[in-house]
Amino acid sequence: MRGKFITFEGIDGAGKSSHVNWLADTLRQRGLTVQVTREPGGTPLGEKLRELLLNEPMHLETETLLMFAARREHIARVIEPALARGEWVVCDRFSDATWAYQGGGRGLDKTKFLTLEHWVLDHLQPDLTLLFDLPLAVARERIALANRTLDRFEQERADFHERVRQAYLDRAQHFAQRMRVINASRSLPEIQKTLEEIIKTI
Ligand code: TMP
């Protein structure tokens, strides 16, 4: 039987990454084989592209094409083979991030996004997408506390992140079947309880 594909999304500082491994371990306790991966990245080439994408200034369409190039490699080499073997794949960001960041944040033309998505994803879509949502001010505070050099996206102004957040929320409404909005302002145990409830349903 084909495995399930679960993705995590949210603005920078939403705290989703701390839940990725927790969810994978919870699924493993159910006896499932789980691959944890991320975008951009997830393959040796994808990780090299990630370095460029997070640090090198570039044209919006170059950025979008590189996100999708990394994604093509990731789907072909990691995601599809794992799902076909019956394994579950838990991925920290996927195509919804391109919709929100390059589309909502930077204003990429929607038709161009849809063309690339159709080409690269074919018919692959996540079975479940967990959208970690919280007010921008809280997310910015969390990033500031991390006390490290910020990448190109984290350095963007507040209005960019506000548009990314709104694009995610609009998309979650549109794809209400697969996307679930998680109130990420709550404590870790409260969020884990919600996640446990949600994964019972898939
Ligand atoms: P991360 O912080 O979740 O590791 O993601 C790295 C950054 O890449 C994050 O700021 C969002 C950005 N990103 C896009 O802009 N478009 C995409 O398609 C993906 C996957 C990530």
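1. Overall dimensions. For 202 residues, a compact globule would have a radius of gyration near 17 Å, and the protein chain, at 16 Å, agrees with that. The model is a predicted one. Its C-alpha trace spans about 45 × 40 × 30 Å along the principal axes.

2. Burial and surface. Of the 202 residues in the protein chain, 50% are buried. The accessible surface comes to about 10200 Å², and carbon and sulfur atoms account for 53% of that area.

3. Contacts and charge. Taking contacts between residues at least 6 apart in sequence, 79% join residues at least 24 apart. The protein chain carries 29 positive and 29 negative side chains. The centres of these two sets lie 2 Å apart.

4. Secondary structure. Eight helices and five strands make up the secondary structure of the protein chain. Read from the N terminus, the order of elements is β-α-β-α-α-β-α-α-β-α-α-β-α.

5. Strand pairing. Strand 2 (residues 34–38) pairs with strand 3 in the parallel sense over five bridges. Strand 3 in turn pairs with strand 1 (residues 5–10), again parallel, over four bridges. Strand 1 also pairs with strand 4, in the parallel sense and over five bridges. Strand 4 is joined to strand 5 (residues 179–183) by five bridges, and these two strands run parallel. Following these pairings from strand to strand gives the path 2-3-1-4-5.

6. Strand 1. Six of the six residues of strand 1 are buried, so the strand is largely enclosed by the rest of the structure. Phe 5, Thr 7 and Glu 9 point one way, while Ile 6, Phe 8 and Gly 10 point the other way, and all are buried. Glu 9 is thus listed among the buried residues of this strand.

7. Register around strand 1. Phe 5 stands opposite Val 89 in strand 3. Thr 7 has partners on two strands: it stands opposite Cys 91 in strand 3 and opposite Thr 129 in strand 4. Gly 10 stands opposite Phe 132 in strand 4.

8. Strand 3. Residues 88–92 form this strand, which is mostly covered, with five of its five residues buried. Trp 88, Val 90 and Asp 92 point one way and Val 89 and Cys 91 the other way; all are buried. Cys 91 is the bridge partner of Thr 37 as well as standing opposite Thr 7.

9. Strand 4. This strand covers residues 128–133, and because six of the six are buried, it is largely enclosed by the rest of the structure. Both of its faces are covered. Leu 128, Leu 130 and Phe 132 lie on one side, with Thr 129, Leu 131 and Asp 133 on the other. Thr 129, which stands opposite Thr 7 of strand 1, also stands opposite Met 179 in strand 5.

10. Thr 37. This residue lies in strand 2. Its relative accessibility is 10%, so Thr 37 counts as buried. Leaving aside neighbours within four places in sequence, Thr 37 is in contact with Gly 42, His 74, Val 89, Val 90, Cys 91 and Asp 92. Among these contacts, Val 89, Val 90, Cys 91 and Asp 92 are residues of strand 3.

11. A cis peptide. The bond from Glu 39 to Pro 40 is cis, with omega near -10°. Pro 40 is found in the loop between strand 2 and helix 2 (44–55).

12. Arg 93. The phi of Arg 93 is near 80°, a positive value in a residue other than glycine. Arg 93 is found in the loop between strand 3 and helix 4 (95–105). With 13% relative accessibility, Arg 93 counts as buried because the cut-off is under 20%.

13. Asn 147. This residue is not a glycine either, yet its phi is positive, at about 55°. Asn 147 is found in the loop between helix 6 (136–146) and helix 7 (158–174). Its relative accessibility of 70% is over the 50% cut-off, so Asn 147 counts as exposed.

Methods: Residues numbered from 1 in each chain as written. Heavy atoms only, no water. Rg over C-alpha atoms; globule rule 2.2 N^0.38 Å. Buried < 20%, exposed > 50% of the residue type's maximum accessible area, 1.4 Å probe, protein only. Contact = heavy atoms within 4.5 Å. Areas by Shrake-Rupley, 256 points an atom, 1.4 Å probe, with all protein chains shown as cover. Lys, Arg positive; Asp, Glu negative; His and termini not counted. Charge placed at Lys NZ, Arg CZ, Asp CG, Glu CD. Pairing = 2+ DSSP bridges.
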